[in-house]
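The following paragraphs lead through one structure, going from strand pairing to helix packing and then to a single residue. Please keep the sequence and the model in view while reading.

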Amino acid sequence: MENKIKNKKIYFVIIIIIISITTIGIIKINNKQVEIIQLAQIEDRQSMGYLIKTKNNKLIAIDGGLKENTQNLINQINENGGIVDYWFLTHLHDDHLGAFVEIIKNTNIQINNIYVSLNDLSWYEQYESSRIDFTKEVFKTLENEKIKENVHQPELNEIIQIDGIKAEILGIKNPEITENAGNEQSMVIKFDTGKTSFLVLGDTGTQSSEKLIKTQKEKLKSDIVQVAHHGQAGATEELYKIINPQICLWPTPTWLWNNDAGSGENTGEWKTFETRKWLENLNVEKNYIGKDGNQVIEVK
Ligand SMILES: [Zn+2]
């Protein structure tokens with residue numbers, strides 16, 4: 001009799017343990033979140049790099065930064081599974097793609113898909129001649145045997161589904177814009193988890209801002225925005241008003257955040273304070289600034 005009661009007690013305890021473990025497991029699964037990682041700035045030059053880790057640990061990269069940012073980027077990729085499922089390249093400048101070129105050249109990191117919007121090389125020779133050496137290096141890199149089959153040029157408004165995240169291409173190359181030409185070719189991508197949206201502007205400038213407003217107005221509102229052109233002389237105030245973000249990600253080093261070329265705060269010639277004011281006026285709740293190191297933003 002006593003033994004039977006003892007057995008019942010043991011069964012009861014075992015059942016409680018099983019229920020507890022299962023419940024904790026479910027809570028953990030439900031807690032899985034999407035993470036946006038803003039990569040740290042080195043201080044001598046501005047740069048831009050982001051990673052997005054999806055709920056099931058797929059990794060999306062956006063640009064990556066200068067050659068000098070390469071080791072940090074490699075470390076972050078390795079800490080997040082070591083494989084890049086999608087890599088979006090906004091435009092062909094070395095403060096965005098320097099690290100990407102180094103990674104293709106010197107590592108065997110697996111990259112499954114690369115999205116980039118390219119003009120013919122002759123276009124860059126004509127309108128971006130001062131940067132032509134690096135542009136040629138990017139063209140050569142995209143022809144590398146390791147990746148060339150995985151390079152795609154997206155259509156405008158193309159939608160790419162990545163583990164529950166919708167990536168919509170709102171802007172591609174703008175070959176008709178030949179002033180501030182390289183920056184104005186920036187691919188614009190809106191990532192949407194269904195609960196949170198994140199708009200990547202690259203180095204979008206005045207004319208491509210106007211084009212976006214004209215062609216994509218109803219799609220631009222986003223919870224999170226990457227502030228264009230490192231926060232200085234990039235997108236227009238009108239564009240930010242339409243995006244109306246709660247959170248701003250700034251790919252911006254200290255000197256640029258402070259507009260300080262060495263003579264003190266806001267004495268430089270950059271337009272960072274103007275952009276900061278515009279976004280303050282929109283009641284942005286939080287700014288993440290690249291000067292503060294690698295930052296992880298958890299989103300629903
Ligand atoms: Zn840039």
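Two strands are taken to pair if DSSP finds at least two bridges between them. In this predicted model, strand β9, residues 188-192, and strand β10, residues 197-200, meet that condition with four bridges and run in the antiparallel sense. Within this pairing, D192 stands opposite S197 of β10. As a general point, the strands of a sheet pair through backbone hydrogen bonds, in either a parallel or an antiparallel manner.

The pair belongs to a wider arrangement, an open sheet of seven strands whose order is β7-β8-β9-β10-β11-β12-β13 and whose pairing is mixed. At its edges lie β7 (159-162) and β13 (286-289), each of which pairs on one side only. Neighbouring strands of the sheet are turned against each other by 20° on average, when direction is ignored.

The chain as a whole gives the setting for these elements, with nine helices and 14 strands. Of its 300 residues, 51% count as buried, and among the contacts between residues at least 6 apart in sequence, 66% join residues that are at least 24 apart.

Turning to the helices, two packed helices are described by the angle between their axes and the distance between the axes. For helix α3 (residues 94-106) and helix α5 (residues 132-142), the axes come within 10 Å and cross at roughly 40°. Because angles that are neither under 35 degrees, nor over 145, nor from 65 to 115 count as oblique, α3 is oblique to α5. The crossing of these two helices is left-handed. On the α3 side, the residues in contact are D94, L97, G98, F100, V101, I104 and K105, and they meet F134, E137, V138, T141 and L142 of α5. Sorted by class, this contact between α3 and α5 comprises seven nonpolar, two polar and three charged residues.

A last stop is T252, which sits in the loop between β12 (247-250) and α8 (254-257). Is T252 buried or exposed? Its relative accessible area is 0%, and since buried means under 20%, T252 counts as buried. Leaving aside residues up to four places away in sequence, T252 touches Q41, H230, G231, W257, I289, G290 and K291. A further relation links T252 with H229, which is 23 residues away along the chain, while the C-alpha atoms of the two are separated by 8.9 Å.

Definitions and conventions: Residues numbered from 1 in each chain as written. Predicted model: local features only at pLDDT ≥ 70, side-chain atom pairs only at ≥ 80, totals over all residues. Heavy atoms only, no water. Axes fitted to C-alpha atoms, helices over the stretch in contact; angles between N-to-C directions. Left-handed = near helix turned anticlockwise from the far one by under 90°. Contact = heavy atoms within 4.5 Å. Nonpolar A, V, L, I, M, F, W, Y, C, P; charged D, E, K, R; others polar. Buried < 20%, exposed > 50% of the residue type's maximum accessible area, 1.4 Å probe, protein only.
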